[in-house]
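Visitor: I have a structure to study and some questions about it. Can you guide me through?

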Amino acid sequence: MKKKIFYVLLGVLVVFTLSGCMMNLLDITLDPGIYLGYSKNNNIPTTDDLLTYDGTLGLYTITIPTSDLTYEEIDEGGAIFELSYYKILYVKSDGNIASASIPIWKDVVENNNLERITIYLDKAKMEEGKAVGVGDDTKLLQDWYLAGNWGAKTWDEDAIKFERQGDVLVATISKEFKANDTIKYKIKPTPGWQPWHMIFNGEVYSDQSDDAVYTLKSNTNELTVRFYPKISYIEFEEK
């Protein structure tokens, strides 16, 4: 009986040992670094997908051929839009951070005859599961509108179109605000919102995302919004 128990225990030990070895063999690991997951690598990056630091920009970047992109057809109420998605994976020794998926609109790529796209990351702004800190240069080639609740029709036809100033998009709200007033807002790609999978709310692109909220810090009659689409970042200036 004791011999039988011994062999059973030995068998269990061998199984656990082999299982551990198999896990080590099958476990695909990446060295610490910042990687791009997109349609070409099925969101499983390799060392070929490593972002590098650009000291001039102060950002991490990677440039990819547009021919590497695969687009998905998105049906929005009968209207079809083609989008390709990417995300950034920041591999660290103390835990990884993955961004939200960010779309690239095929219309923008084709209308501008783009052969390559550069993707950017501000590592200091990156947050788990959000788009903040991450973006690409196609976002500067399309229109964006600031929509919100500060006026009767400012969600829709009276939304403010951003004006481009270099790599920054600027919109100004002229209204009497008091300290601690709040506004709800979103940034949309067209006056009619579609494709709403491109709606930007300060953190993520989504048709299901909540409104973003800004709280005024002072009394002012002019609120300037600066949108940095290459890193999906918003700044407010009260005058």
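Visitor: Which residues does Leu36 touch, not counting residues up to four places away in sequence?
Guide: This is a predicted model, and contact here means heavy atoms within 4.5 Å. Residues up to four places away in sequence are not counted. That leaves Asn41, Pro45, Asp49, Leu51, Ile62, Ile64, Tyr86, Lys87, Ile88 and Ile119.

Visitor: Which residues touch the most other members of the largest nonpolar core?
Guide: This core has 51 residues. Leu36 is one of those with the most contacts to other members. The full set is Leu36, Ile88, Trp144, Leu146 and Phe162.

Visitor: Which strand gives the largest share of this core?
Guide: The largest share is five residues. They come from a strand spanning residues 79-91. That strand is E5.

Visitor: Why does this core lie between two domains?
Guide: Domain 1 covers 30-140, and domain 2 covers 145-238. The core lies between them because residues come from both domain 1 and domain 2.

Visitor: How many residues are in the second, separate core?
Guide: Its members include Tyr145, Ala159, Trp193 and Ile199. The total for this second core is five residues.

Visitor: In what order do the strands of the open sheet run?
Guide: Four strands form this sheet, and their pairing is antiparallel. Strand E11 (160-161) and E15 are the edge strands, as each pairs on one side only. The order is E11-E10-E14-E15.

Visitor: How many bridges join E10 to E14?
Guide: E10 holds residues 145-148 and runs antiparallel to E14. One bridge pairs Gly148 with Tyr185 in E14. The count for E10 and E14 is four bridges.

Visitor: What is the bridge partner of Ile183 in E15?
Guide: E14 and E15 (residues 212-215) pair over four bridges, in the antiparallel sense. In one of them, Thr182 meets Thr215 of E15. For Ile183, the partner in E15 is Tyr214.

Visitor: Is strand E14 mostly covered or mostly exposed?
Guide: E14 spans residues 182-188. Buried means under 20% relative accessible area. Five of the seven residues in E14 are buried. So the strand is mostly covered.

Visitor: Where is the pLDDT below 50?
Guide: The protein averages a pLDDT of 88, and 88% of the residues score at least 70. One stretch falls below 50 and has zero contacts in the model beyond near neighbours in sequence. Where pLDDT is low, the predicted coordinates should not be read in detail. The stretch is residues 1-27.

Note on methods
Residues are numbered from 1 along each chain as its sequence is written. This is a predicted model: local features need pLDDT of at least 70, side-chain atom pairs count only at pLDDT 80 or more; totals for chains, interfaces and linings use all residues. Side-chain values use heavy atoms; hydrogens and water are left out. Buried means under 20% relative accessible area, exposed over 50%, partly exposed in between (1.4 Å probe, protein chains only). Helices (H or I, at least four residues) and strands (E, at least two) are DSSP runs, numbered from the N terminus. Two strands pair if DSSP finds at least two bridges between them. A nonpolar core is a set of buried Ala, Val, Leu, Ile, Met, Phe, Trp, Tyr and Cys residues joined through side-chain atoms within 4.5 Å. Domain bounds come from an automatic or database domain assignment. pLDDT is the predictor's confidence in each residue, from 0 to 100.
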